[in-house]
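Work through the exercises below with the model open. Try each task before reading its solution.

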Amino acid sequence: MHISQSIEAPLTATDTAILSGNLRMRRWERCRLNVIALVRGGGVCQEGWGELEFGAGDLQGPLFGLKVFRNLTQRCFITTNFALQFSSHGMRPGLTTVLARHLDKNTMGYLQWRWGIQSAMNTSVVRDTKTSHFTMAFQLGIPHSFMMVSYQHKFQDDEQTRVKGSLKAGFFGTIVEYGAERKISRHSILGATVSVGVPQGVSLKIKLNRASQTYFFPIHLTDQLLPSAVFYATAGPLVVYFAMHRLIIKPYLRAQKEKELEKQQENTASDIQQKKQEAEAAVQLMQESVRRIIETEEAKMGLIVVNAWYGKFVNDQSRRNEKVKVIDVTVPLQCLVKDSKLILTEASKAGLPGFYDPCVGEEKSLKVLYQFRGVLHQVMSADNEALRIPKQSHRIDTDG
């Protein structure tokens with residue numbers, strides 16, 4: 001098991017202090033705890049910037065680092081990172097240089113050279129779009145040389161679901177990884193990845209991102225490539241997730257949403273009452289104008305608003321316990337009729353004269369029963385939906 005956490009605290013506009021720690025536990029070994037304190041600083045400008053880094057810990061000796069970023073052209077930049085680490089094996093210097101170029105709007109190309117600590121030459125192409133993320137990389141180095149291809153598909157849903165897979169082959173063997181991640185709450189993302197390789201075996205990696213914190217749990221199931229281990233690593237997390245989502249997460253999120261809505265309604269109760277009084281006063285002032293409009297429309301068999309309601313309607317049987325929260329807006333709507341037409345734009349109707357919001361934070365609709373040319377019509381539209389009446393499609397069929 002490996003658990004790590006880091007905390008960042010800005011000291012000034014350009015300096016940041018970072019405290020990070022990690023806990024490692026392996027078979028036949030006792031727990032090992034390492035804490036590192038870092039102070040990073042650097043000014044930022046359009047052409048480039050620099051960063052100094054210092055670290056110290058229990059398992060690692062003092063670490064000094066210098067990182068420099070520089071724009072070469074509008075589409076090309078370079079970063080250089082020099083590190084000097086002290087340990088029981090002596091002083092270990094390291095140098096990493098990355099040359100990057102924008103190939104197009106969504107594609108980046110990287111060329112990396114690493115010397116000292118795990119020397120290697122690496123080149124990669126990364127394409128990131130709204131719905132996908134693709135990476136292809138090649139590396140020649142000591143001790144590892146490999147080729148890697150990975151693809152991630154991003155679903156455009158509220159849970160920000162992502163499904164990913166990768167293939168990595170080199171001198172160390174071959175590894176196939178596949179997994180998914182999903183947003184389980186406002187600030188939490190849960191992911192699971194299955195790794196199948198030769199000679200590494202089968203392992204399951206579970207990752208939880210909570211705000212700025214990351215918890216990572218790699219679970220090694222077997223050193224051999226066993227179909228049963230692959231099945232349990234794949235099916236196990238799915239069964240546990242769907243059970244937890246249905247029995248714990250979903251009810252918790254529903255209760256949390258209801259609690260937030262109740263709190264919002266309590267905070268806006270006095271404001272709603274004030275808006276209601278203002279709307280009632282506006283309706284009283286409209287009475288005479290509405291009477292004249294109705295007389296004009298009746299004379300030419302035009303548009304007469306019979307009834308109109310605005311607010312939260314509950315028609316679904318599964319939501320029958322919820323309260324219906326609507327207000328009568330017949331008079332305000334009739335006042336907006338001009339030349340036998342009523343036109344409402346794509347905006348919340350709560351701002352119209354004689355209207356107010358009876359259910360703050362909830363979905364609202366406008367339901368209108370009106371008469372045109374002596375025939376009844378009916379329509380229901382969403383709060384932010386544009387509405388134009390009369391329309392033939394609104395006509396109520398009374399035949400038979």
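Two strands pair if DSSP finds at least two bridges between them. Keep in mind throughout that this is a predicted model.

**Exercise 1. Find the strand partners of β12, and name the residue of β11 that stands opposite K164.**

Step 1. Start with β11, residues 146-154. Nine bridges join β11 to β12, residues 162-170, and the two run antiparallel.

Step 2. Read off the residue facing K164 of β12: Q152 stands opposite.

Step 3. Turn to β13, residues 173-183. β12 and β13 also pair in the antiparallel sense, over nine bridges. Within this pairing, G165 has Y178 of β13 as its bridge partner.

Step 4. Check the connection. A hairpin of two residues leads from β12 to β13.

**Exercise 2. Give the strand order of the four-stranded open sheet, and identify its edges.**

Step 1. The order is β18-β17-β20-β21, with antiparallel pairing.

Step 2. Look for strands that pair on one side only. These are β18 (325-328) and β21, the edge strands.

Step 3. Add the geometry. Neighbouring strands of this sheet are turned against each other by 20° on average, direction ignored.

Step 4. Inspect one pair. β17 and β18 are joined by four bridges in the antiparallel sense. Here G311 stands opposite V326 of β18.

**Exercise 3. Locate the largest nonpolar core and trace the surroundings of I389.**

Step 1. Count the members: the largest nonpolar core holds 23 residues. V329, L333, L366, V368 and I389 have the most contacts inside it.

Step 2. Assign the core to elements. Two or more residues come from each of α2 (269-299), β17 (303-312), β19, β20 and β22.

Step 3. Recall the background. In soluble globular proteins, nonpolar side chains tend to be buried together.

Step 4. List what I389 touches, leaving out residues up to four places away in sequence. The contacts are L303, S340, K341, L342, V368, Y370, V379 and H394.

Step 5. Look for another cluster. A second, separate core has six residues, including V194, V196, V202 and A229.

**Exercise 4. Which peptide bonds, ending at P199 and P390, are cis, and where are these prolines found?**

Step 1. Begin with the expectation. Most peptide bonds are trans.

Step 2. Take the bond from V198 to P199. This bond is cis, with omega near 5°. P199 is found in the loop between β14 (188-198) and β15 (201-210).

Step 3. Take the bond between I389 and P390. This bond is cis too, with omega about 10°. P390 is found in the segment after β22 (387-389).

Step 4. Link back to Exercise 3. I389, on one side of this cis bond, is among the core residues with the most contacts.

**Exercise 5. Are S340 and R373, each with a positive phi, buried or partly exposed?**

Step 1. Again, set the background. Most residues other than glycine have a negative phi.

Step 2. Consider S340. Its phi is near 60°, although S340 is not a glycine. S340 is found in the loop between α3 (330-335) and β19 (342-344).

Step 3. Apply the cut-off. Buried means under 20% relative accessible area. S340 has 9%, so S340 is buried. S340 is also one of the residues that I389 touches.

Step 4. Consider R373. Its phi is positive, about 55°, and R373 is not a glycine. R373 is found in the loop between β20 (365-372) and β21 (375-382).

Step 5. R373 has 48% relative accessibility, so R373 counts as partly exposed.

Notes: Residues numbered from 1 in each chain as written. Predicted model: local features only at pLDDT ≥ 70, side-chain atom pairs only at ≥ 80, totals over all residues. Heavy atoms only, no water. Buried < 20%, exposed > 50% of the residue type's maximum accessible area, 1.4 Å probe, protein only. Core = buried A, V, L, I, M, F, W, Y, C linked by side-chain atoms within 4.5 Å. Contact = heavy atoms within 4.5 Å. Axes fitted to C-alpha atoms, helices over the stretch in contact; angles between N-to-C directions.
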